[in-house]
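Colleague: I have a model open and want to learn how to read it. Could you take me through its features, one at a time?
Modeller: Gladly; let us put it on screen.

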Amino acid sequence: MIQDQKIQKSDHFRYLGSIISRDGEIADDVTHRIQVGWLKWRSATGVLCVKRPPHKLKEKFYEIAIRPAVLYETECWTIKKQQVNKMIVAEIRMLMWMFGKTRRDKIRNEIIREMVRVAPIEEKLRENRLR
């Protein structure tokens, strides 16, 4: 109770853009970060999904606007392999759509990353934690 007002218990709490869970898990925060990345992606599809802009512009925009939104507050995460895989899948989908490719094209993830010239997201997660 705070000044005669009853506060309900919650299993999740949002603080400074992160979701803190009662049990200490970060699964909800990982999902939230992926959703934020997709929101940034959707707001920029006019630039990223058309063929006219040069690849360099698309690469820079992805590195400056979308990836930081996904990796925000990852410095203190103790992340599991399953959660890293969710982030990899989201990143590869974004990169493939950026170049007009689909899963039916059967292009390996490494080839897509070479086209965009970005490091794998798991390496960036590791860098953030070590920093």
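Colleague: Leaving out residues up to four places away in sequence, which residues does Trp41 touch?
Modeller: A word on the source: this is a predicted model. With sequence neighbours up to four places away not counted, Trp41 touches Leu48, Cys49, Ile66, Met94, Trp97 and Met98.

Colleague: Where does Trp41 lie?
Modeller: Trp41 is part of helix 1, residues 27-43.

Colleague: Is Trp41 buried or exposed?
Modeller: Check the relative accessible area; under 20% is buried. Trp41 has a value of 1%, so Trp41 is buried.

Colleague: How far apart are Trp41 and Phe61, in sequence and in space?
Modeller: They are 20 residues apart in sequence. From C-alpha to C-alpha, the separation is 9.9 Å.

Colleague: Now the whole fold. In what order do the strands and helices come?
Modeller: Count the elements, then read them along the sequence. The protein has six helices and two strands. Its pattern is β-β-α-α-α-α-α-α. The C-alpha trace spans about 60 × 30 × 30 Å along its principal axes.

Colleague: What share of the residues is buried?
Modeller: Of the 131 residues in the protein, 36% are buried. For the surface, look at area and atom type. The accessible surface is about 9,300 Å², and carbon and sulfur atoms account for 53% of it.

Colleague: What percentage of the contacts join residues at least 24 apart?
Modeller: Start from contacts between residues at least 6 apart in sequence. Of those, 62% join residues at least 24 apart.

Colleague: On to a single helix. Which residues of helix 5 are buried?
Modeller: Helix 5 covers residues 109-116, and Ile112, Arg113 and Val116 are buried there.

Colleague: Why do the buried residues of helix 5 line one face?
Modeller: Look down the helix axis. The buried residues of helix 5 fall within an arc of 100 degrees, so they line one face of the helix.

Colleague: What covers the buried residues of helix 5?
Modeller: The cover includes helix 3, helix 4 and helix 6, the last being residues 121-130.

Colleague: Next, backbone angles. What sign of phi do most residues other than glycine have?
Modeller: Most residues other than glycine have a negative phi. With that in mind, look at what follows helix 5. Arg117 comes after helix 5 and has a positive phi, near 60 degrees.

Colleague: What is the phi of Gln3?
Modeller: Gln3 is not a glycine, yet its phi is positive, about 50 degrees. Gln3 sits in the segment before strand 1, residues 12-15. Gln3 is exposed, at a relative accessible area of 77%.

Colleague: And where does Lys106 lie?
Modeller: Lys106 is in the loop between helix 4 and helix 5. Lys106 is not a glycine either, and its phi is positive at about 50 degrees. Its relative accessibility is 74%, so Lys106 counts as exposed.

Colleague: Let us turn to pockets. What is the volume of the largest pocket?
Modeller: For a pocket, take volume, then lining, then chemistry. The largest pocket has a volume of about 290 Å³. It is lined by 13 residues, and those closest to its centre are Val89, Ile92, Arg93, Met96 and Arg103. Helix 4, residues 81-98, gives the most to this lining, with seven residues. By class, the lining of the largest pocket has six nonpolar, three polar and four charged residues.

Colleague: Which element supplies the largest share of the lining of the second largest pocket?
Modeller: Strand 2, residues 18-21, supplies the largest share, four residues. The second largest pocket holds about 160 Å³ of space. Its lining includes Gly24, Asp29, Glu73 and Trp77. The classes there are five nonpolar, four polar and three charged.

Colleague: Last, how many cavities of 30 Å³ or more does the structure hold?
Modeller: A probe fits in a cavity but cannot get out. The structure holds one cavity of 30 Å³ or more. About 40 Å³ of space lies in the largest cavity.

Colleague: Which residues line the largest cavity?
Modeller: The lining is made up of Tyr62, Ile66, Arg67, Val70, Met87, Ala90, Glu91, Met94 and Ile121. Helix 3, residues 55-71, and helix 4 each supply at least two of the lining residues. By class, this lining has seven nonpolar, no polar and two charged residues. Ile66 and Met94 also appear among the residues that Trp41 touches.

Terms used
Residues are numbered from 1 along each chain as its sequence is written. This is a predicted model: local features need pLDDT of at least 70, side-chain atom pairs count only at pLDDT 80 or more; totals for chains, interfaces and linings use all residues. Side-chain values use heavy atoms; hydrogens and water are left out. On a 1 Å grid over the protein atoms alone, a cavity is a set of points where a 1.4 Å probe fits but cannot get out, and a pocket is an open set with protein on both sides within 12 Å along at least five of seven lines; lining residues have an atom within 4 Å of a point. Grid points are joined across faces, edges and corners, and a volume is the space filled by probe spheres set on the points. Ala, Val, Leu, Ile, Met, Phe, Trp, Tyr, Cys and Pro count as nonpolar, Asp, Glu, Lys and Arg as charged, and the others, Gly among them, as polar. Buried means under 20% relative accessible area, exposed over 50%, partly exposed in between (1.4 Å probe, protein chains only). Contact means heavy atoms within 4.5 Å. Accessible areas come from the Shrake-Rupley method with a 1.4 Å probe; for residues, only the protein chains shown count as cover. The arc is that of the directions from the helix axis to the C-beta atoms.
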